[in-house]
Amino acid sequence: MKKATRSLTSRQSPRTGPVLRVAVRAAAGQRSRGWLIAGGQIIPVALGRGGILANKREGDGGTPRGTFRPLRLWWRADRGPRPRTHLPIRIVGPDDAWCEDPTSRHYNQPIRRSANGEGDRLMRDDHLYDLIVEIDHNTRPRVAGRGSAVFLHLARDNFGPTAGCVAMTRPNLTRLLARLGPRTKIVIG
């Protein structure tokens, strides 16, 4: 009887393949700071100025409590090499923005905008959006006013609070990207 074998290229090491679960927790006594735990890594993160909220609303500064999936990586190709990830990648262009207007039919979706148009421009002068992980918060169904543009992205130098996103240093986000895939669950709260 012949022994069954598997190709080494089809197997993924538990240290290099996508993790199944990422947890984000608030730090004790600091609602706008927290910890992200993924595959044995513990990463300090900045959270929304309102902390982690179960009832997220547009403009409240809260990071939504819940379980989400990463959808894709948005990457500024002019600001660094293409990172390793198991997620689909989209290059950020000068007209890319995110609709944050609850009255728009494009609410909580990527949009194209002119220089004077509305929306959260993804090509920023600072480095916060050089790497953006889009997650499926408020997508199915999209509910007006329940929050938009909630991402994993780069943190400010002082780890200041976000408007509701989860932010971390570039080295930590780059390492995390190598471990994220479409089936990864991001559990916040």
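Let me start with Arg-76, which sits in the loop between strand E7 (70-75) and strand E8 (89-91). Keep in mind that this is a predicted model.

Is Arg-76 buried or exposed? Its relative accessible area is 4%. The cut-off for buried is under 20%, so Arg-76 counts as buried.

What does the side chain of Arg-76 make a polar contact with? The partner is the side chain of Asp-78, at 2.8 Å. Then there are the contacts from further along the sequence. Once neighbours within four places are set aside, Arg-76 touches Val-92, Met-123, Arg-124, Tyr-129 and Asp-130.

Now the chain as a whole. The secondary structure consists of 15 strands and 1 helix. On burial, 45% of the 189 residues count as buried. Of the contacts between residues at least 6 apart in sequence, 58% link residues at least 24 apart.

On overall dimensions, the C-alpha trace spans about 70 × 40 × 35 Å along its principal axes. The radius of gyration is 17 Å, and a compact globule of 189 residues would come out near 16 Å, so the two agree.

Last, surface and charge. About 10400 Å² of the chain is exposed, and 51% of that area comes from carbon and sulfur atoms. How many positive and negative side chains are there? The chain carries 34 positive and 15 negative ones, and the centres of these two sets are 14 Å apart.

To return to the starting point: Arg-76 is a loop residue, it is buried, and its side chain has a polar contact with that of Asp-78.

Technical notes: Residues numbered from 1 in each chain as written. Predicted model: local features only at pLDDT ≥ 70, side-chain atom pairs only at ≥ 80, totals over all residues. Heavy atoms only, no water. Helix = DSSP H or I, 4+ residues; strand = E, 2+ residues; numbered from the N terminus. Rg over C-alpha atoms; globule rule 2.2 N^0.38 Å. Buried < 20%, exposed > 50% of the residue type's maximum accessible area, 1.4 Å probe, protein only. Contact = heavy atoms within 4.5 Å. Areas by Shrake-Rupley, 256 points an atom, 1.4 Å probe, with all protein chains shown as cover. Lys, Arg positive; Asp, Glu negative; His and termini not counted. Charge placed at Lys NZ, Arg CZ, Asp CG, Glu CD. Polar contact = N/O pair within 3.5 Å; in protein donor to acceptor, adjacent residues only side chain to side chain.
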